[in-house]
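Hello,

Here is the structure we talked about passing on. Please have a look, then read my notes below it.

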Amino acid sequence: MTVAYAPGKVILFGEHAVVYGRPAVAVPVTQVKARVIVEDAPKGCGITIVASDLGKTYRLKDAPLQDPLSFTILNTLELLSPGPDLDLKVTINSTIPIARGLGSGAAVSTAIVKALAEHFGKNLSKSAISDLVYETEKIHHGTPSGIDNTVIAYEAPLYFVKGKKMEIFSVKRPFILLIVDTGVKSHTKIIVEDVRRAWERERERYERLFDEMGAVAEAGRRAIEDGDIEEIGRLMYENQRLLKLIDVSSPELDALVDAARRGGALGAKLSGAGRGGNAIALVMKETYTRVSKMMKGAGARGVIITEVR
Ligand code: PMV
């Protein structure tokens, strides 16, 4: 029996603009995780998938073509080539809320790849894991930038430019984030498509806004490396202002960001595709109880506290 885990993630700066080649910054969130167990099954059983959270058990050979779990398993086995006629049980659990911008899909895929590789005694590089998961991300998201699979495979603070650069960087002074659930699903694929249509209609304006978001992400990375926590917060509010201008915020997210500001958060913004999902707020030890209370008063359905280090 082999067990593997993968964390969730939040995007600190640059979502959406990252799809258009601008830089973004993301960090892993280890308070939530996906877990995958691979076990040998009795001979002749084939591969069975147990998706515990969905209450579903099914044979891989009966799964629809676009089933992300089977797709990931098949793709990984193709790379590992452990031999034909495998009899396996693959059990999947996750504590990462689904469709909340926390990378639940990428984390489940990553844990599947890691568990299978380990089960067959093969060592896959982080880059190979990330590449495999990217293929499944296309099913979930259509045209993903690749930031989710990369930050989750590397499990480190990441500066990311699509198709180009991937740099792990260090956090000079740890800082505390509240990850606050609106209770509303964020449908990444639909929102990314909406943004693309808007970009097609108003190319110049969107390009300018994406440039500004890219500059914010660039400055955000520098502030994190310099340990300038107030600047990180200021840039988060600035990123949120720009995200509102491309119409990916929502009344629920705006209310949470507003409450965070009133509660004394140094910064706050939506994280991920938006229109729902999570907001994140940068808080100090002295302010997090107050900020958390204010955000709950403004409709927060759940709060995760994490330290970025
Ligand atoms: O998967 P989410 O909801 O965290 O969103 C991904 C971030 C986007 O920039 C909106 C899309 C992408 O592929 O990078």
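**Where the two domains meet**

Start with one pair: arginine 22 and aspartate 211 form a salt bridge. Their closest N and O atoms lie 2.9 Å apart. Keep in mind that this is a predicted model.

Now the wider setting. The domain assignment splits the protein in two: domain 1 covers 2-168, and domain 2 covers 175-308. Measuring over C-alpha atoms, the centres of domain 1 and domain 2 are 25 Å apart.

Next, the contact between them. On the domain 1 side, 29 residues take part; on the domain 2 side, 46 do. The size of an interface is often given as the accessible area lost when the parts come together. Here domain 1 and domain 2 bury about 3,000 Å² between them. Carbon and sulfur atoms hold 62% of that area.

Then the polar side of the story. Five salt bridges run between domain 1 and domain 2. There are also 16 residue pairs in polar contact between the two domains, counting pairs with both residues at pLDDT 80 or more.

Which elements of domain 1 give two or more residues to the side that touches domain 2? They are strand S1 (2-13), strand S2 (24-40) and helix H3 (126-141). S2 gives the largest share, six residues. By type, that side of domain 1 has 17 nonpolar, eight polar and four charged residues.

Best wishes

Methods: Residues are numbered from 1 along each chain as its sequence is written. This is a predicted model: local features need pLDDT of at least 70, side-chain atom pairs count only at pLDDT 80 or more; totals for chains, interfaces and linings use all residues. Side-chain values use heavy atoms; hydrogens and water are left out. Domain bounds come from an automatic or database domain assignment. Contact means heavy atoms within 4.5 Å. Buried area is the accessible area (1.4 Å probe) that two parts lose on being put together, summed over both. A salt bridge is a side-chain nitrogen of Lys or Arg within 4 Å of a carboxyl oxygen of Asp or Glu. A polar contact is a pair of N or O atoms within 3.5 Å; within protein, one must be able to donate a hydrogen and the other to accept it, and residues adjacent in sequence count only if both atoms are side-chain atoms. Helices (H or I, at least four residues) and strands (E, at least two) are DSSP runs, numbered from the N terminus. Ala, Val, Leu, Ile, Met, Phe, Trp, Tyr, Cys and Pro count as nonpolar, Asp, Glu, Lys and Arg as charged, and the others, Gly among them, as polar.
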